[in-house]
Amino acid sequence: MLSDRSGAPLKKDVFSTPNAIKLSNSNIRATITFGYKFWFSITMHTLSIPYERIQRKDFDATLLRLEEAAVEAARNAYAPYSRFRVGAALLLSNGVVVVGSNQENAAYPSGLCAERTALFAAGAQYPNEAVEILLLVAFSEEDRVESITPCGACRQVLMETSSRHQKPFKVIMVGKEQALVLHDNRGLLPFAFDGSDLPE
Ligand code: THU
């Protein structure tokens, strides 16, 4: 038998944030009979992440400006090893656009993704400005890819950026025809490790 129950929020704020991740619990009960009758009950917790799909042709002026900046940034990627060029454009709360592209290295782990290049550049130049939007584009060889999403390490840095400024931001992952829009970056990193896990 399956029954649904609305879940109590877990310890961390990210789980109780309605726009980032929604938590629900369901109780699964089952009965097994072989000679004796056993029953057991497990509570399964489900996380769901709201996101939107928008067509590139419906981009407003802000998104067009960010997309153009990200495409230009991707041209400046240094990606001789993967030949995969990523461009990231950030809109800061003061209206400034900061860009980044992936910067590779013959010692592979020494390279850096476009997202972190942009976020660290913004942190270095505008330490007090929150990020409002992060927009991403990527090209494999010369072709725009179907979809691009941040890697795990970048998701961690996105999380730190939003907690640092106490402001979640939009992440817009632009593909060929359409973009995935997350209104709250925290949705990209459930069960996140953050500063609240460390001793005061
Ligand atoms: N890369 C990014 O810059 N951002 C992403 O979201 C995914 C991957 C880079 C890292 C590496 O230079 C190349 O793309 C191939 O993984």
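How many helices and how many strands does the secondary structure of the chain come to?

**Figure 1. Overall fold of the chain in the predicted model.** The secondary structure comes to four helices and ten strands, and, read from the N terminus on, these elements follow the order β-α-β-β-β-α-β-β-α-β-β-α-β-β. The C-alpha trace of the chain spans about 70 × 40 × 40 Å along its principal axes.

**Figure 2. The shell of residues around the ligand.** The residues around the ligand are Ser82, Phe84, Val86, Asn102, Glu104, Cys113, Ala114, Glu115, Ile148, Thr149, Pro150 and Cys151, and by character they divide into seven nonpolar, three polar and two charged. Strand E5 (84-92) and helix H3 (114-125) each supply at least two residues of this shell. Among the pockets of the protein, the space that the ligand takes is the second largest.

**Figure 3. Polar contacts between the protein and oxygen atoms of the ligand.** On the side-chain side, a polar atom of Asn102 lies 3.0 Å from an oxygen atom of the ligand. The backbone also takes part, since a polar backbone atom of Ala114 is 2.9 Å from a ligand oxygen atom, while a backbone N or O atom of Thr149 lies 3.2 Å from an oxygen atom of the ligand. Taken alone, the ligand exposes 370 Å², and the protein buries 75% of that area.

**Figure 4. The aromatic pair formed by Tyr81 and Tyr108.** The structure holds one aromatic pair. The ring centres of Tyr81 and Tyr108 are 5.6 Å apart and the ring planes stand at 45° to each other, so the pair is classed as tilted; planes under 30 degrees apart would count as stacked and those over 60 as edge-to-face. Tyr81 lies in the loop between helix H2 (61-75) and E5, whereas Tyr108 lies in the loop between strand E6 (97-101) and H3, so the pair ties together parts of the chain that are 27 residues apart in sequence. The elements E5 and H3, which border these loops, each also supply at least two residues of the shell around the ligand.

Methods. Residues are numbered from 1 along each chain as its sequence is written. This is a predicted model: local features need pLDDT of at least 70, side-chain atom pairs count only at pLDDT 80 or more; totals for chains, interfaces and linings use all residues. Side-chain values use heavy atoms; hydrogens and water are left out. A residue is near a molecule or strand if one of its heavy atoms lies within 4 Å of it. A polar contact is a pair of N or O atoms within 3.5 Å; within protein, one must be able to donate a hydrogen and the other to accept it, and residues adjacent in sequence count only if both atoms are side-chain atoms. Accessible areas come from the Shrake-Rupley method with a 1.4 Å probe; for residues, only the protein chains shown count as cover. On a 1 Å grid over the protein atoms alone, a cavity is a set of points where a 1.4 Å probe fits but cannot get out, and a pocket is an open set with protein on both sides within 12 Å along at least five of seven lines; lining residues have an atom within 4 Å of a point. A molecule sits in a cavity or pocket if more than half of its atoms lie within 2 Å of its grid points. Ala, Val, Leu, Ile, Met, Phe, Trp, Tyr, Cys and Pro count as nonpolar, Asp, Glu, Lys and Arg as charged, and the others, Gly among them, as polar. Rings of Phe, Tyr and Trp (its six-membered ring) pair if their centres lie within 6.5 Å; planes under 30 degrees apart count as stacked, over 60 as edge-to-face and the rest as tilted.
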